[in-house]
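Please open the model in your viewer and keep the selection tool at hand, as this tour goes from one selection to the next.

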Amino acid sequence: MGIKCTKCDNESIIYQKYSGMHLCKKHFVEDAERKIKLTIRKNYNIGRDETIAVALSGGKDSTVLLYVLNKIFGERPDINLVAITIDEGIEGYRSHTIQKSKELADKLGVRHIIRSFAEEYGLTLDELTVRERLHGACSYCGVLRKKLLNKTANEVGATRLAIGHNLDDEAQTILLNHLKGDVSRLVRLDPPRKIEGLTLRAKPLRSIPEKEVALYAIVNELPMDFSECPYAHEAIRGEVRDMLNEFEASHPGTKHSLLSGFQKLVPILAKEYPPEKNKLSECRVCGDLCTEGLCQACKLLGNG
Ligand code: SF4
Ligand code: ZN
């Protein structure tokens, strides 16, 4: 018998260095779900008659996100969940994760919509990166996926768009924007108010460390795919991730405090950098809201 759970006599499956607790399977699952519910209650005030669109890639984060949201809201007749999967067109990768996303949505009985870059933009991400040798795939991918997710969420009448960012993603993005000195982007990470025309975003997993999201998926035997996208991630993000992981190892709780400090700063920063003061206007090509008359996506696609 290994180490015991801090809360019961069962064997521990995880040691949370930041909380000092050893948790068994049951208490680990309870702990994660309690924190996710708390995040939702504190940040996302979900009311009656809402449609929550869930961005589902088939990877571990979005898989856990849909599973947990279905567990929390699935029984509520006034709340409607819709999973949206975007097929960017990445050979040898996306087809596997799409398969898993279908399995999960089927298993949970959640409506599932799959949209592709090919049908929406006329070409796949693979074709785009060949055409535009100079830029990295991820910048195209992120901008175009966000646009299509938002459009699809609007089409299904979603009041929220939930995305699977975990604590590690949030901490990395916060630090990254600090390192780049990009304060207005920092504020937009967690906009205190709704921006007209954009579905409100929700990140219910933002307080759960990446490792625990993975463990949650494993202990609940969720269908998911572990293949990695063949395109490299933003190099600087990798450096920030390594740095944060080292810091977390020697100073447990660092990622949590980075996020909670940021949340205290946002309302203060938002007074100087109000998101709506960025004078949003309609893109002259597609009509989406943007800051410069031509949205990022249309710029990248070479439209207009
Ligand atoms: Fe897209 Fe980059 Fe993510 Fe691959 S790693 S899915 S190219 S954002
Ligand atoms: Zn226990």
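Begin by selecting His-27 in this predicted model: with a relative accessible area of 10%, His-27 falls under the 20% limit and is therefore buried. Next, add the zinc ion (ligand 2) to the selection, and you will find that His-27 coordinates it through ND1, together with the SG atoms of Cys-5, Cys-8 and Cys-24, at 2.0 to 2.4 Å. The angles that these four donor atoms subtend around the zinc ion run from 102 to 115°, which makes the arrangement tetrahedral. Along the sequence, the donor residues follow the spacing C-x2-C-x15-C-x2-H. Because Cys-8 lies in the segment before β1 (14-16) whereas His-27 belongs to helix α1, this pair ties together parts that are 19 residues apart in sequence.

From there, select helix α1 (residues 25-44) together with helix α2 (residues 60-73), whose axes are 11 Å apart and meet at an angle of about 75°, so that the two helices are roughly perpendicular to each other. To see the contact itself, show Val-29, Glu-33, Ile-36, Lys-37 and Ile-40 on α1, and Val-68, Leu-69, Lys-71, Ile-72 and Phe-73 on α2; seven of the contact residues are nonpolar, three are charged and none is polar.

Finally, move to Leu-301, which is found in helix α12 (residues 296-301) and counts as buried at 10% relative accessibility. Leaving aside residues up to four places away in sequence, Leu-301 touches Tyr-121, Leu-123, Leu-128, Arg-131 and Leu-144. Of these, Tyr-121 is 180 residues from Leu-301 along the chain, with 8.2 Å between the C-alpha atoms of the two.

Technical notes. Residues are numbered from 1 along each chain as its sequence is written. Chains are lettered from A and ligands numbered from 1 in the order in which they are written. This is a predicted model: local features need pLDDT of at least 70, side-chain atom pairs count only at pLDDT 80 or more; totals for chains, interfaces and linings use all residues. Side-chain values use heavy atoms; hydrogens and water are left out. Axes are lines fitted to C-alpha atoms, for helices over the stretch in contact, and angles run from 0 to 180 degrees between N-to-C directions. Helices (H or I, at least four residues) and strands (E, at least two) are DSSP runs, numbered from the N terminus. Angles under 35 degrees count as roughly parallel, over 145 as roughly antiparallel, 65 to 115 as roughly perpendicular and the rest as oblique. Contact means heavy atoms within 4.5 Å. Ala, Val, Leu, Ile, Met, Phe, Trp, Tyr, Cys and Pro count as nonpolar, Asp, Glu, Lys and Arg as charged, and the others, Gly among them, as polar. Donors are N, O and S atoms within 2.8 Å of the metal (3.2 Å for Na, K and Ca); water is not among the atoms, so sites may look incomplete. Four donors count as tetrahedral if all angles lie between 85 and 135 degrees; four count as square planar and six as octahedral if opposite donors are over 155 degrees apart and all others between 65 and 115; anything else is irregular. Buried means under 20% relative accessible area, exposed over 50%, partly exposed in between (1.4 Å probe, protein chains only).
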